[in-house]
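Good morning, everyone, and thank you for making time for this. I would like to walk through one structure with you, beginning with the ligand and then turning to the way the chain is divided.

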Amino acid sequence: MKALVLAGGFGTRLRPLSCTRPKMLFPVANQPLLDWTLKNLSEGGVDTVILAVNYMAEALVRYLGPTKFDLGIIYSREERPLGTGGPIKKAADLLQNGGPFLVLNGDVISDIDYRRLVEFHRRKGGLATIALFQVPDPSRYGAVELDGEGRILRFVEKPEPGRAPSNLVNAGIYVLDPKVIDYIPEGRSVSTENEVFPVLAKEGALYGYEARGLWMDIGVPEDYLRANGLLLAKLDGVQVGEKSKVDSSAEVLPPSSIGAGVEVGANSVIGPNTSIADHVHIGRGCRIENSIIFPGATIGDYTSVRNAIIGENATLERWVKVESGSLIGDYAVIADGVTITQGVSICPSKRVEESILEPRQVM
Ligand code: GTP
């Protein structure tokens, strides 16, 4: 079976981390997001993946090459972004012949059982099946209303509190019959969610499959950190890569993962729920918890990082505090003694000399 993975798009909220890599290569528990996705597709019976790429396509091609995890990888390059539906039309020649195929949003991480999803799709005999997950608060997603047969009657995009027809949301994972390609207009950006699925729902040809297990869209820092913590817990314990030096007085609390060539200074405490990528340098007396540190970052002495993401080669000098869903862009520098808290986002290569205590983006 084939799967088309939507691996383009910019990912607005996490953009400061995209200066050196596309979102699909962001580390989750110290492995690129795309690796988790491809592994699960391979285990789910997929043999060929079509990667629909635009932004930073070269980085993806260089990283993956022609095959990974026993999957053949074909790249479908867009000259300009085609949205979530246009890439399906563009790859029509690859998808038209044969049975149903999978389509998934590349920024979703899930351990869904694809075999069960496809089996449900075949049993129902519709043109498309959307995987649905139960979430406590559907207001950031597209919630659906189902009939007794599992048909999707309607969607409510980003429902206001109390207005959602259910807590079941569109997971960004679909099985499509090749006939669906005829529903997608050619040569322009198309939104499958807004332009194709409502038509299929009206025709009674769209089904919803309630999946269980892990599912997360890593589009915002809070969810990215949560996904990281959940996958670290699956790996279990503490992992430390080759040639890393953790001082004997430092502590690493599980679950945590430390990459290769990392240095951790005296009396620092790392973890829980923390990923430190390769070649990160952490000074003495630091506290890093529930956070993701991209490769090559430098964390100066007595600095603390809590519930935050630090981009590639960023530098936090000494006595710095970064907290509460804040995000430090690639190559940014945070000067001595600065506190950054409350969902602040610092753009790449920016130097910050004064504390920022309210949510904002620093350009
Ligand atoms: P936001 O800008 O934060 O909304 O994120 P996004 O750009 O990732 O958009 P959206 O959530 O609508 O995208 C859903 C999935 O489709 C994501 O995995 C994107 O990477 C992917 N995607 C979005 N736009 C395009 C596109 O134009 N081409 C391709 N190939 N993929 C896309």
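Let us begin at the ligand, which is surrounded by 20 residues, the closest being G8, T12, E78, G83 and G106. Please keep in mind throughout that this is a predicted model.

Some of the atom pairs here can be named individually. A polar backbone atom of L6 lies 3.3 Å from an oxygen atom of the ligand, and a polar backbone atom of L82 is 3.1 Å from an oxygen atom of the ligand. With N54 the side chain takes part, since one of its N or O atoms is 3.1 Å from a nitrogen atom of the ligand.

Now let us step back to the whole chain, which is divided into domain 1, covering 2-219, and domain 2, covering 222-362. The contact between them draws on 22 residues from domain 1 and 34 residues from domain 2. Their C-alpha centres are 31 Å apart, and between them the two domains bury about 2100 Å², with 66% of that area on carbon and sulfur atoms.

What joins the two sides in terms of charge and polarity? Between domain 1 and domain 2 there are three salt bridges, as well as eleven residue pairs in polar contact. On the side of domain 1 that touches domain 2, the elements giving two or more residues are β2 (27-28) and β14 (215-217), and the residues of that side divide into 14 nonpolar, three polar and five charged.

Notes: Residues are numbered from 1 along each chain as its sequence is written. This is a predicted model: local features need pLDDT of at least 70, side-chain atom pairs count only at pLDDT 80 or more; totals for chains, interfaces and linings use all residues. Side-chain values use heavy atoms; hydrogens and water are left out. Domain bounds come from an automatic or database domain assignment. Contact means heavy atoms within 4.5 Å. Buried area is the accessible area (1.4 Å probe) that two parts lose on being put together, summed over both. A salt bridge is a side-chain nitrogen of Lys or Arg within 4 Å of a carboxyl oxygen of Asp or Glu. A polar contact is a pair of N or O atoms within 3.5 Å; within protein, one must be able to donate a hydrogen and the other to accept it, and residues adjacent in sequence count only if both atoms are side-chain atoms. Helices (H or I, at least four residues) and strands (E, at least two) are DSSP runs, numbered from the N terminus. Ala, Val, Leu, Ile, Met, Phe, Trp, Tyr, Cys and Pro count as nonpolar, Asp, Glu, Lys and Arg as charged, and the others, Gly among them, as polar. A residue is near a molecule or strand if one of its heavy atoms lies within 4 Å of it.
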